[in-house]
Amino acid sequence: MAIILSPLPYADDALAPVISATTLQTHHGKHHRTYVDRTNTAIEGTDLAGKSLEDIVAAAIATGNKGLFNNSAQTWNHGFYWYSLSTTAQTPEGALAAAIDASFGSLDALKAELVAQGTGHFASGWVWLVAKDGKLSVEQTHDAASYAELSGNPLLVIDLWEHAYYLDHKNVRPDYLKKVVDGHLNWAFAAENFARGSLWAYPSA
Ligand code: MN
């Protein structure tokens with residue numbers, strides 16, 4: 001069973017104008033698909049064929065297979081990113097809202113930290129909201145680096161690669177980040193990840 005291209009959980013124009021249909025069609029249909037295809041090519045005929053994406057990422061780390069790591073981790077990161085985005089503005093509730101206040105002081109302070117770290121990250125990478133023992137933090141990973149480098153369980157991620165925002169925001173990464181953080185984060189998805197307390201599983205066929 002091959003790794004699938006996880007479907008977009010909304011129409012490709014549902015995040016416009018912050019993330020346009022053209023960006024989503026290219027980002028999901030070309031960039032994400034290429035990572036999926038290259039992962040499947042790399043595992044074909046090996047003992048990783050039929051394994052979960054999380055097992056493939058772990059094997060790539062354990063064996064130092066950089067090519068397989070880049071493609072499998074990017075496959076996972078993009079699947080998680082699509083679910084991290086919401087078509088409508090949401091507000092965190094319940095235990096997640098309490099943890100945000102306890103860890104950052106306020107939701108606005110968390111949003112500012114996401115924008116600051118996402119803006120400050122040099123070149124390509126990802127900015128994450130992470131939970132460990134009930135405490136939340138904002139962390140960054142570079143290029144394809146994955147959840148395996150985080151201090152805890154990822155709740156949300158935002159793609160910092162230029163292909164995520166360049167068509168809609170040109171070189172102004174802070175504009176993309178502010179608009180995503182203010183109006184398009186899926187706090188319900190973050191709350192599910194926070195309540196489960198273990199890693200989200202990439203969709204399989
Ligand atoms: Mn991307």
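Trainee: Does aspartate 159 count as buried or exposed?
Mentor: This is a predicted model, where local features need pLDDT of at least 70, side-chain atom pairs count only at pLDDT 80 or more, and totals for chains, interfaces and linings use all residues. Residues are numbered from 1 along each chain as its sequence is written, and side-chain values use heavy atoms, without hydrogens or water. Buried means under 20% relative accessible area, exposed over 50%, and partly exposed in between (1.4 Å probe, protein chains only). Because its relative accessibility is 0%, aspartate 159 counts as buried.

Trainee: Which residues are the protein donors of the manganese ion?
Mentor: Donors are N, O and S atoms within 2.8 Å of the metal (3.2 Å for Na, K and Ca); water is not among the atoms, so sites may look incomplete. Along the chain the spacing reads H-x50-H-x80-D-x3-H. Lying 2.0 to 2.2 Å from the ion, the donors are His27 (NE2), His78 (NE2), Asp159 (OD) and His163 (NE2).

Trainee: What does histidine 163 count as, buried or exposed?
Mentor: Let's use that accessibility cut-off again. Histidine 163 has 18% relative accessibility, so it counts as buried.

Trainee: Which residues have the most contacts inside the largest nonpolar core?
Mentor: A nonpolar core is a set of buried Ala, Val, Leu, Ile, Met, Phe, Trp, Tyr and Cys residues joined through side-chain atoms within 4.5 Å. This one has 63 residues, and those with the most contacts inside it are Tyr81, Leu136 and Trp187.

Trainee: What is tryptophan 187 in contact with, leaving aside its neighbours within four places in sequence?
Mentor: Contact means heavy atoms within 4.5 Å. With those neighbours set aside, the partners of tryptophan 187 are Gln90, Thr91, Pro92, Leu96, Ile100, Leu107, Leu110, Leu129 and Leu156.
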